[in-house]
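Here are my notes for your review. Please read them with the model open beside you.

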Amino acid sequence: AAAATTGPSCEALKAQAGPTIEHANADWIRAMKAGDAAALAEAYADDGLFVLPDGSTVKGRAAVQAMYAVRLKTSPVILDGAIESRGRACGEGGLVYEWGRGELRTRSGDGRETSGGGAYLTVWKQVGGDWRIVRNLVF
C-alpha cells in the first residue's frame, strides 16, 4: 500500500519526461532558425515562468511566445546552436529538474559572427497528461 501512495520513482519520472525534454531540446535550434516563436513556447505550461539572465520574468506560454516573437524579429541571423542537457533529477510533487548549457551562433547585419550561451535550469511537470515547463531559468 505504501508504494501505491508514493508515486513513480525518480527513474520512472525521468523516463516518462525524457522524450518530451529531448524533443523540445532537439527542436530548439530549428525553431530559432525558423523564427518559430510558437514552437519555442509550445513546451511551456499555461502559467510557466521563464526567468531571464537579468532576473526579469515572463509568465505564461502566451507571454513566452510573444517575447520570442519580438526577440527573433530584432536579433541577428541565427546560424547554429544547440542545447546540451547535462543532467536530470527529481523533486517533490513529481517535478523533473533538467540542467545544461545552450549555445547560439549568430551573424549580425555587418557580417560579424558571434557565439554565446550559458547555463540553464528547467523544471518540468506533468500537466494534464503532458510534460510541460513550469520554470525555466537561463543564466
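The points below cover the sheet, its hairpins, the disulfide, the pocket and one helix residue.

1. Status of the model. This is a predicted model. Please keep that in view throughout.

2. Sheet order. The sheet is open and has 6 strands. Their order is β2-β1-β6-β5-β4-β3, and the pairing is mixed. Strands β2 (57–59) and β3 form the edges, each pairing on one side only. From one strand to the next, the twist averages 20°.

3. The parallel pair. Which sense do β1 and β6 take? They pair in the parallel sense, over 4 bridges. F50 is a useful marker here: its bridge partner in β6 is N136. F50 also appears among the residues nearest the centre of the largest pocket. Strand β1 spans 44–51 and β6 spans 130–138.

4. Hairpin of β3 and β4. These strands run antiparallel and share 13 bridges. The hairpin has 3 residues between the strands. G93 takes a positive phi there, near 75°. Within the pairing, I83 has G102 in β4 as its bridge partner.

5. Hairpin of β4 and β5. This pair is also antiparallel, with 12 bridges joining the strands. The hairpin leaves 5 residues between them. In the turn, G111 has a positive phi of about 90°. G102 is worth a look on this side too, since its bridge partner in β5 is G118. G102 thus has I83 as a bridge partner and G118 as another.

6. Disulfide. How many disulfides does a search of the whole structure find? The count is 1. C10 is joined to C90, with an S to S distance of 2.2 Å. The link is right-handed, with 90° about the S-S bond. C10 lies in helix α2 and C90 in strand β3, so the bond ties together parts that are 80 residues apart in sequence.

7. Exposure of the two cysteines. Are C10 and C90 buried or exposed? Neither label fits. C10 has a relative accessible area of 29%, so it counts as partly exposed. C90 is partly exposed as well, at 27%. The cut-off for buried is under 20%.

8. Largest pocket, volume and centre. The volume is about 1,000 Å³. The lining holds 45 residues. W28, M32, F50, Y68 and V138 lie nearest the centre.

9. Largest pocket, lining. Which elements each supply at least two residues? The helices are α2 (10–34), α3 (37–41) and α4 (61–74). The strands are β1, β3 (77–91), β4 (95–107), β5 (113–127) and β6. Strand β5 gives the largest share, 9 residues. By class, the lining has 25 nonpolar residues, 13 polar and 7 charged. Helix α2 and strand β3, which hold the two cysteines, are both among the contributing elements.

10. K73. This residue is found in helix α4. At 74% relative accessibility, K73 counts as exposed. How far apart are K73 and A24? They are 49 residues apart in sequence. In space, the C-alpha to C-alpha distance is 21 Å.

Key. Residues are numbered from 1 along each chain as its sequence is written. This is a predicted model: local features need pLDDT of at least 70, side-chain atom pairs count only at pLDDT 80 or more; totals for chains, interfaces and linings use all residues. Side-chain values use heavy atoms; hydrogens and water are left out. On a 1 Å grid over the protein atoms alone, a cavity is a set of points where a 1.4 Å probe fits but cannot get out, and a pocket is an open set with protein on both sides within 12 Å along at least five of seven lines; lining residues have an atom within 4 Å of a point. Grid points are joined across faces, edges and corners, and a volume is the space filled by probe spheres set on the points. Ala, Val, Leu, Ile, Met, Phe, Trp, Tyr, Cys and Pro count as nonpolar, Asp, Glu, Lys and Arg as charged, and the others, Gly among them, as polar. Two strands pair if DSSP finds at least two bridges between them. A disulfide is a pair of cysteine sulfur atoms within 2.5 Å. Buried means under 20% relative accessible area, exposed over 50%, partly exposed in between (1.4 Å probe, protein chains only). Axes are lines fitted to C-alpha atoms, for helices over the stretch in contact, and angles run from 0 to 180 degrees between N-to-C directions.
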